[in-house]
Amino acid sequence: MATKWWGWGEEQRTFSLPDSSQFWAHVSSRLGELGVGQRIESLAEVTLPPSRLEAKALDALRAAAGAESLTTDTADRAVHSLGKSYCDLVRIRRGEIPHATDAVIYPETEEQVAALLNAAAELGIAVIPFGGGTSVLGGVEPLGAKPTVTLDLRRMNRMLRLNPLAATATLEAGILGPSLEQQLNANGFTLGHFPQSFEYSSLGGWIATRSAGQNSTLYGKIEHRVESLRMAFPGGTIATPAVPAAAAGPDLNQIIAGSEGVLGVITQATVRLAPLPRRCDYRGYLFPAFQPGVEAAREVMQSGLRPAVLRLSDEPETQVNLATRAPPQGLKAAVERLGTWYLERRGIHLDAASLMIIGFEGAEDQVRSDWRRAQPILRRHQGASLGRSPGRAWERSRFELPYLRDVLIDHAIMVDTLETATTWDRYLPLYHSVRDVIAKAMGGGGLVMAHLSHAYTDGASLYYTFLARQAEGRELEQWQQVKAAATEAILAAGGALSHHHGIGSDHQPWLSQYLGPAGVRTLAGLKQTFDPQGIMNPGKLMAADKDTSDV
Ligand SMILES: Cc1cc2nc3c(=O)[nH]c(=O)nc-3n(C[C@H](O)[C@H](O)[C@H](O)COP(=O)(O)OP(=O)(O)OC[C@H]3O[C@@H](n4cnc5c(N)ncnc54)[C@H](O)[C@@H]3O)c2cc1C
């Protein structure tokens with residue numbers, strides 16, 4: 001099935017709103033009259049500069065990876081030159097690809113990757129590893145001055161070994177989420193990693209960006225599930241030992257996780273698995289406001305419970321949730337059944353409420369006992385149970401929301417997300433200050449909503465979604481203004497520069513402020529060790545040719 005070059009997912013698939021009038025009424029009430037976003041008809045309208053790779057270079061690359069594996073076709077180059085961020089979609093919809101890759105190569109083995117990197121180093125060609133291309137921070141855009149090849153790893157998609165005794169699997173890095181889970185599930189296991197981009201993102205991309213899945217509160221972020229990995233870099237290959245734990249200096253897995261293709265190409269990884277849960281019991285709870293929900297989430301985590309899913313929407317996001325669901329199933333049906341009168345008696349008003357989806361999974365008796373322990377905590381913080389239907393509705397639609405983003409951009413709406421994490425003591429102050437800063441940067445006429453979706457004993461993530469009418473002709477500047485203001489506010493309030501999207505090029509201007517001079521020097525030292533010529537993904541994570549003598 002063909003995928004959309006101008007949006008998310010399969011070409012034929014779109015977001016179907018069960019009650020679209022209610023949703024659009026809600027959006028228009030906040031954003032005003034909506035417009036029509038511009039979009040070129042087809043990629044044939046895109047003109048790219050000719051590939052800068054000379055015949056000698058093309059021959060050397062073909063010799064490394066096979067003649068059939070390389071293409072300089074315009075459409076292939078175009079879709080590999082951008083990721084899937086809001087700005088990427090705005091640009092590709094206009095047919096604007098400011099930095100085009102010069103060739104796309106589809107290697108099939110680690111040997112080919114190693115040979116390609118050696119050839120590229122010899123010829124001074126930059127290399128961008130490309131997993132699913134779902135980066136939202138400019139991670140796959142060619143930014144250096146050198147001619148560039150993009151290594152699309154999706155042909156490296158095999159499960160190489162399953163170790164049932166250790167509950168681990170070794171997989172090639174280009175495997176996408178659905179294929180990975182299908183093969184593990186057939187053997188009674190799961191990786192438990194379900195980012196919203198699950199259907200189109202790859203194992204290698206997850207590790208390279210330190211991705212978090214929607215069930216990370218139980219299973220951890222992807223870096224917690226890596227037992228060992230292999231990475232090819234210009235001039236060599238590094239393989240980390242496959243052991244459960246070690247005290248042999250700094251953890252090399254953790255040095256490579258999050259390296260965003262600037263050190264080398266992760267070719268395979270051995271990951272820790274969990275048994276397929278026998279029971280998943282996800283439920284909805286409504287709180288009078290975001291704050292008591294946050295308190296409940298903290299107490300759940302600090303009580304030792306580990307929900308697989310713990311998502312708490314703030315009041316504006318809960319409003320949108322209510323506007324996008326329709327009877328007879330889902331959240332709205334449950335709310336209606338429960339009765340507004342009953343909720344109001346408990347101090348919960350629907351126009352100010354905060355929705356939590358919380359679920360436990362695992363063995364039958366474990367899930368029952370987890371729920372017995374969780375219920376009194378949720379009740380103590382004024383949570384009212386909505387039963388299982390909101391949980392089921394969330395599960396059904398968990399990969400659908402990116403399709404809604406396309407529909408919103410079609411209506412000339414700026415829609416993007418950004419995320420951070422902080423400790424519980426700073427959580428609500430950060431939440432309020434960043435929300436206010438985003439609203440102000442949008443000129444007061446937009447919609448800002450947020451949720452907590454990855455929780456820890458010491459704190460949690462915060463994920464903002466913001467919508468405003470596009471400033472026609474100034475779409476990218478408008479976005480840049482919001483992004484810069486929000487990032488400054490996150491850092492000022494003690495948040496992580498990113499909890500799970502990574503750094504890419506978008507967050508790079510703030511990296512030295514976030515890590516400090518010694519932190520930046522440490523990363524520069526790693527870059528020098530693995531990629532002294534600076535050919536690996538220039539301009540991402542850290543500036544490839546940055547003179548670090550002053551830091
Ligand atoms: C709609 C949408 C929803 C999303 N939801 C989530 C979410 O829930 N959680 C989350 O964590 N992220 C999410 N993301 C962000 C993105 O999906 C993740 O960053 C994901 O991990 C990227 O994987 P990928 O295979 O697409 O990597 P790519 O986009 O191809 O690459 C990302 C970066 O990793 C590098 N890279 C890729 N493969 C390798 C490799 N094998 N070796 C070395 N470097 C490599 C690339 O060079 C690039 O710098 C979402 C993105 C979108 C568009």
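## The four-stranded sheet

Strand 1 and strand 2 (residues 103-105) pair in the antiparallel sense, over 2 bridges. Strands here are DSSP runs of E with at least two residues, helices are runs of H or I with at least four, and both are numbered from the N terminus. Two strands count as paired if DSSP finds at least two bridges between them. Across this pair, threonine 71 has valine 104 of strand 2 as its bridge partner. The model is predicted: local features need pLDDT of at least 70, side-chain atom pairs count only at pLDDT 80 or more, and totals for chains, interfaces and linings use all residues. Residues are numbered from 1 along each chain as its sequence is written, and side-chain values use heavy atoms, leaving out hydrogens and water.

Both strands belong to an open sheet of 4 strands. Its order is 1-2-4-3, with mixed pairing. Strand 1 (70-71) and strand 3 each have a single partner strand, so one side of each lacks a neighbour in the sheet. Helix 5 (residues 110-123) packs on this sheet and touches strand 2, strand 3 and strand 4 (148-152). Contact means heavy atoms within 4.5 Å. The direction of helix 5 makes about 175 degrees with that of strand 4. Axes are lines fitted to C-alpha atoms, for helices over the stretch in contact; angles run from 0 to 180 degrees between N-to-C directions.

## Glycine 95

Glycine 95 sits in the loop between helix 4 (86-94) and strand 2. Glycine 95 touches Ile40 and Val46, not counting residues up to four places away in sequence. Its C-alpha atom is 13 Å from that of arginine 77, and the two residues are 18 residues apart along the chain.

## The seven-stranded sheet

A further open sheet has 7 strands, in the order 15-12-14-13-17-18-16. The pairing is antiparallel. Strand 15 (384-387) and strand 16 (413-423) form the edges, each pairing on one side only. Neighbouring strands are turned by 20 degrees against each other on average, direction ignored.

Strand 17 (residues 447-452) and strand 18 (residues 459-469) run antiparallel, joined by 5 bridges. Valine 448 has phenylalanine 466 as its bridge partner in strand 18. Helix 15 (residues 389-396) packs on the sheet. Helix 15 touches strand 12 (279-287), strand 13 (309-313), strand 14 (354-362) and strand 15, and its direction makes about 110 degrees with that of strand 12. Helix 18 (residues 475-492) lies across strand 16 and strand 18, at about 10 degrees to strand 16.

## Around the ligand

There are 36 residues around the ligand, each with a heavy atom within 4 Å of it. Pro129, Gly131, Thr134, Ser197 and Ser202 come nearest. The shell divides into 14 nonpolar, 19 polar and 3 charged residues. Helix 7 gives the largest share, 5 residues.

Three protein atoms can be placed against ligand oxygen atoms. A polar backbone atom of glycine 139 is 3.1 Å from one. A polar side-chain atom of serine 211 lies 3.0 Å from a ligand oxygen. For glutamate 260, a backbone N or O atom lies 3.1 Å from a ligand oxygen. The protein covers 97% of the 960 Å² of accessible area that the ligand has on its own, by the Shrake-Rupley method with a 1.4 Å probe.

Conventions
Polar contact = N/O pair within 3.5 Å; in protein donor to acceptor, adjacent residues only side chain to side chain. Nonpolar A, V, L, I, M, F, W, Y, C, P; charged D, E, K, R; others polar.
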